[in-house]
Amino acid sequence: MAVSTVHTVQSLSSTCSISNPTKSHLGFNQKQLVFFKKTTTTTRRATTVITCSAGDTVVIGLAADSGCGKSTFMRRLTSVFGGAAEPPKGGNPDSNTLISDTTTVICLDDYHSLDRTGRKEKGVTALDPRANNFDLMYEQVKAIKSGVAVEKPIYNHVTGLIDPPELIKPPKIFVIEGLHPMYDARVRELLDFSIYLDISNEVKFAWKIQRDMAERGHSLESIKASIEARKPDFDAYIDPQKQYADAVIEVLPTELIPDDNEGKVLRVRLIMKEGVKYFNPVYLFDEGSTISWIPCGRKLTCSYPGIKFSYGPETYFGHEVSVLEMDGQFDRLDELIYIESHLSSISTKFYGEVTQQMLKHADFPGSNNGTGLFQTIVGLKIRDLYEQIVASKSGAPLEATKT
Amino acid sequence: MHITALGTTLHITIPMAGVAGVIITTPQVLALESPRKLQSVKFSLLNNPWKRCTKFGWGRMYVHPVAATPEGISEKVAESVKKAEEACSENPVAGECAAAWDEVEELSAAASHARDKKKDSDPLEDYCKENPETDECRTYDN
């Protein structure tokens with residue numbers, strides 16, 4: 001009981017927000033202490049709600065090119081934590097935010113300082129830091145991390161305008177997804193874990209063709225021109241962020257099929273930084289050694305082109321990293337479970353959890369190759385990281401009361 | 001037609017039966033259409049009564065979808081590609097060219113998201129998510 005008293009006092013002083021619940025339809029999506037206080041002086045009808053969260057919000061950064069919020073990675077990640085992530089009910093229908101019971105995902109495009117016309121006038125792409133308000137991004141992420149709700153602007157991707165803000169309440173897991181999560185040094189400090197999705201040019205071209213060829217206005221040349229025109233800004237501002245990421249998922253064309261340019265079979269590398277607090281890299285057989293593994297053989301039969309794994313230590317931008325690589329694709333369920341049983345340090349709570357998660361979303365793109373597998377594994381690692389952080393934070397006040 | 005002359009005044013009474021038939025239908029038009037549309041709608045509806053049925057679904061109101069449909073976004077994508085090609089034909093290295101193609105990319109992504117959303121959205125499910133207590137959305141467990 002002593003512990004809880006100390007804890008409450010601490011949170012009341014630093015991490016509470018007092019709000020008039022005019023927008024209460026957004027709903028409470030996390031467990032928190034709520035005090036209802038009726039003001040008896042002038043306004044009879046007003047109730048002041050003091051909402052406090054324990055300040056244990058874990059902030060994850062995800063850097064990915066164009067488009068946010070509804071991407072496959074986010075859906076896999078929120079699914080690992082349980083619950084379906086949906087746009088906020090009753091709010092702006094073009095909101096980029098996703099909210100589930102434990103997670104809130106925001107799109108960093110909402111921090112654009114210039115809307116589409118503004119950028120066109122200045123001749124600046126969305127990739128350029130000049131089009132983004134990093135000060136506001138830093139302030140709001142800091143506020144969420146310390147348990148204070150914020151009014152975040154909305155960037156409407158359809159109209160290209162900046163819409164009126166929406167209320168974001170501090171969740172347990174706060175994911176910021178976009179082009180520049182690790183660009184600003186102050187925001188980088190706030191991130192508990194960061195991921196960079198590095199898609200190689202050939203694969204990006206193949207994916208964009210698949211996505212855009214159905215559109216009336218597009219042709220092969222226009223898709224190519226679009227990628228080429230954005231490349232200079234991308235290489236200058238977005239690409240350098242990968243050196244700061246704790247995990248990089250690199251997607252390359254396969255080496256198993258010579259001259260495959262459809263981008264169907266992929267070679268995916270999970271590059272994990274060593275020495276990151278609460279993060280233990282996944283490994284194959286023996287940590288720190290170099291392994292090359294082809295699971296298909298006598299015990300497991302795979303169809304063409306098969307599966308090839310490799311694992312080993314490397315250096316990446318001057319850091320020590322461990323790289324787990326998968327080339328090829330899964331055909332059947334038993335291939336997946338076989339592989340899962342040979343991977344170590346995947347932070348699953350029960351045998352077959354990775355397979356279960358992959359099967360749950362079998363219709364998502366990448367469910368049969370390394371992209372889906374590594375995204376799911378990273379999701380489990382983030383859950384493990386969250387639980388470790390929470391355990392360490394609740395351990396601290398216990399220590400304080402003991403002395 | 002009945003004409004009577006009383007002193008210097010002339011009274012003309014016209015049987016109202018034929019005219020009454022016309023007047024009866026117009027109040028329906030008045031109730032459903034806004035007054036300023038009255039002039040153009042009144043006559044076209046009277047002359048083409050089949051149009052009334054298709055427009056209002058056999059007497060019920062037809063609710064048009066309000067959100068941006070993929071059709072609207074599709075138009076935007078096509079437009080933006082044309083504008084980008086124009087902007088770049090003048091000066092391929094300038095910021096305007098890059099910004100124009102960036103816009104194309106943004107709109108293509110939005111179009112793709114809209115397509116995905118439309119693909120797995122069920123109008124009844126969406127309605128029931130917001131209003132679970134209505135008759136259509138009630139579920140019974142026994």
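Okay, let's start with the disulfides: there are 3 of them over all chains. Keep in mind that this is a predicted model. For anyone who wants the chemistry spelled out, a disulfide is a covalent bond between the sulfur atoms of two cysteines.

Chain A first. C296(A) is bonded to C302(A), with 2.0 Å between the sulfurs. Which hand does that link have? The torsion about the S-S bond of C296(A) and C302(A) is about -95°, so this disulfide is left-handed. As for solvent, C296(A) has a relative accessibility of 23%, so we call it partly exposed. C302(A) is partly exposed too, and its relative accessible area is 23%.

Now over to chain B. If you number the bonded cysteines of chain B in sequence order, they pair 1-2, 3-4. Take C88(B) and C97(B): their sulfur atoms sit 1.9 Å apart in a disulfide. Here the torsion about the S-S bond comes out at about 105°, so C88(B) and C97(B) make a right-handed disulfide. Are these two cysteines buried or exposed? C88(B) is buried, at 13% relative accessible area, and C97(B) also counts as buried, at 6%.

Then there's C128(B) with C137(B), another disulfide, with the sulfurs 2.0 Å apart. The link of C128(B) and C137(B) is left-handed, with -80° about the S-S bond. C128(B) has a relative accessible area of 18%, and since the cut-off for buried is under 20%, C128(B) lands on the buried side. C137(B) is buried as well, at 11%.

Right, on to how the chains meet. On the chain A side 32 residues are in contact with chain B, and they touch 32 residues over there. Between them the two chains bury about 2700 Å², and 52% of that is on carbon and sulfur atoms.

What about charges? We count 7 salt bridges between chain A and chain B. One of them joins the side chains of R119(A) and E106(B), at 3.4 Å from N to O. There are also 11 residue pairs in polar contact between chain A and chain B, with both residues at pLDDT 80 or more.

So which helices of chain A are involved? α3 (116-122), α6 (201-212) and α7 (220-238) each supply at least two residues to the side that touches chain B. The biggest giver is α7(A), with 5 residues. And if you sort that side of chain A by class, you get 9 nonpolar, 10 polar and 13 charged residues.

That's my tour, thanks.

Methods
Residues are numbered from 1 along each chain as its sequence is written. Chains are lettered from A and ligands numbered from 1 in the order in which they are written. This is a predicted model: local features need pLDDT of at least 70, side-chain atom pairs count only at pLDDT 80 or more; totals for chains, interfaces and linings use all residues. Side-chain values use heavy atoms; hydrogens and water are left out. Contact means heavy atoms within 4.5 Å. Buried area is the accessible area (1.4 Å probe) that two parts lose on being put together, summed over both. A salt bridge is a side-chain nitrogen of Lys or Arg within 4 Å of a carboxyl oxygen of Asp or Glu. A polar contact is a pair of N or O atoms within 3.5 Å; within protein, one must be able to donate a hydrogen and the other to accept it, and residues adjacent in sequence count only if both atoms are side-chain atoms. Helices (H or I, at least four residues) and strands (E, at least two) are DSSP runs, numbered from the N terminus. Ala, Val, Leu, Ile, Met, Phe, Trp, Tyr, Cys and Pro count as nonpolar, Asp, Glu, Lys and Arg as charged, and the others, Gly among them, as polar. A disulfide is a pair of cysteine sulfur atoms within 2.5 Å. Buried means under 20% relative accessible area, exposed over 50%, partly exposed in between (1.4 Å probe, protein chains only).
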